[in-house]
Amino acid sequence: MSTATPEVLWAQRSSNTDAAKNFIYLTISVPDVPASNLKLDLKPQSLTFTGHSDSLKKTYHLELEFYAEIDAEESKINHTGKNVEIHLRKKELDDAYWPRLLKDSKKVHFLKTDFDKWVDEDEQNEVAEQEDMSNFGGMGGGDFGGIDFSKLGGGAGLGGMPEDGDEEDSDDDEMPALEDAEEEAASAAKPAEGEAEAEGESKTKA
């Protein structure tokens, strides 16, 4: 029976005013580990995970000591057939990113940046609204499908969805009006051209 350290992907966001936007994305890759075979102990400064896959005959074990404290009670966990997804709420509100995930600055082979979720510190405010719509809004199919984000305030961004739809409908309604305006302009131009031709003929006869 083999024991392995699972691959861990991470990304983060920061805020000094909104706790719901001050968090760590953490994904532990443990395929074919049923919920009944895993144990996760989350504390303010550490995480310990153990899981066993019967099909792969493999045991996964992981111990992490965080760079700074997290709020374990406000953090959320979602288990899937491939991994364990964790949304860690940073305890201290701060605009600045953590310089690293772990307290020890030594690099570890199993920890990697989650480039699908990573956003540079100076660009995070620009994508915050989009993330509220895509990640937190999709309770059934988002990155954390199945997790209740109501306490994180993620649903606030949902109010924008109907408005966007209304705008699209209003654009469609305006199109015929523009076409009608062009037809009216063309119709108005035709009599003017006819009058000009008639005036030219009268001058020729004169």
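**From the whole chain to a buried serine**

Of the 206 residues that make up the protein chain, 30% count as buried, in what is a predicted model. The chain holds two helices and nine strands, and, read from the N terminus on, these elements follow the order β-β-β-β-β-β-β-β-β-α-α. Among the contacts that link residues at least 6 apart in sequence, 61% join residues at least 24 apart. The surface that the protein chain exposes amounts to about 12,800 Å², of which carbon and sulfur atoms supply 47%.

Some of the strands can be followed into a sheet. Four strands form an open sheet in the order 1-6-5-4, and their pairing is mixed. Strand 1 (2-4) and strand 4 (38-43) stand at the edges of this sheet, and because each has a single partner strand, one side of each is left without a neighbour in the sheet. From one strand to the next, the twist averages 15°. Strands of a sheet pair through backbone hydrogen bonds, in either a parallel or an antiparallel manner. Here strand 4 and strand 5 run antiparallel and are joined by six bridges; Leu38, for instance, has Gly51 of strand 5 as its bridge partner.

The largest nonpolar core comprises 23 residues, and those with the most contacts inside it are Leu26, Ile28, Leu47, Phe66 and Leu101. At least two residues of this core come from each of strand 2 (8-12), strand 3 (23-29), strand 5 (46-53), strand 6 (58-65) and strand 8 (83-90). Leu26 shows how such contacts reach across the sequence: leaving aside residues up to four places away, Leu26 touches Val8, Leu9, Trp10, Leu47, Leu64, Val84, Glu85, Ile86, Leu88 and Leu101.

Strand 5 also contains a polar residue that deserves a separate look, namely Ser53. Why does Ser53 count as buried? The assignment follows from its relative accessibility, which is 0% and therefore falls within the range of under 20% that defines a buried residue. What, then, do the polar atoms of the Ser53 side chain meet? One polar atom of this side chain lies 3.1 Å from the backbone oxygen of Asp32, and a polar contact of 3.3 Å joins the side chain of Ser53 to that of Ser55. When residues up to four places away in sequence are not counted, Ser53 touches Pro31, Asp32, Val33, Lys58 and Tyr60, so that Asp32 appears both in this list of neighbours and as the residue whose backbone oxygen faces the serine side chain at 3.1 Å.

Technical notes: Residues numbered from 1 in each chain as written. Predicted model: local features only at pLDDT ≥ 70, side-chain atom pairs only at ≥ 80, totals over all residues. Heavy atoms only, no water. Core = buried A, V, L, I, M, F, W, Y, C linked by side-chain atoms within 4.5 Å. Buried < 20%, exposed > 50% of the residue type's maximum accessible area, 1.4 Å probe, protein only. Contact = heavy atoms within 4.5 Å. Polar contact = N/O pair within 3.5 Å; in protein donor to acceptor, adjacent residues only side chain to side chain. Areas by Shrake-Rupley, 256 points an atom, 1.4 Å probe, with all protein chains shown as cover. Pairing = 2+ DSSP bridges. Axes fitted to C-alpha atoms, helices over the stretch in contact; angles between N-to-C directions.
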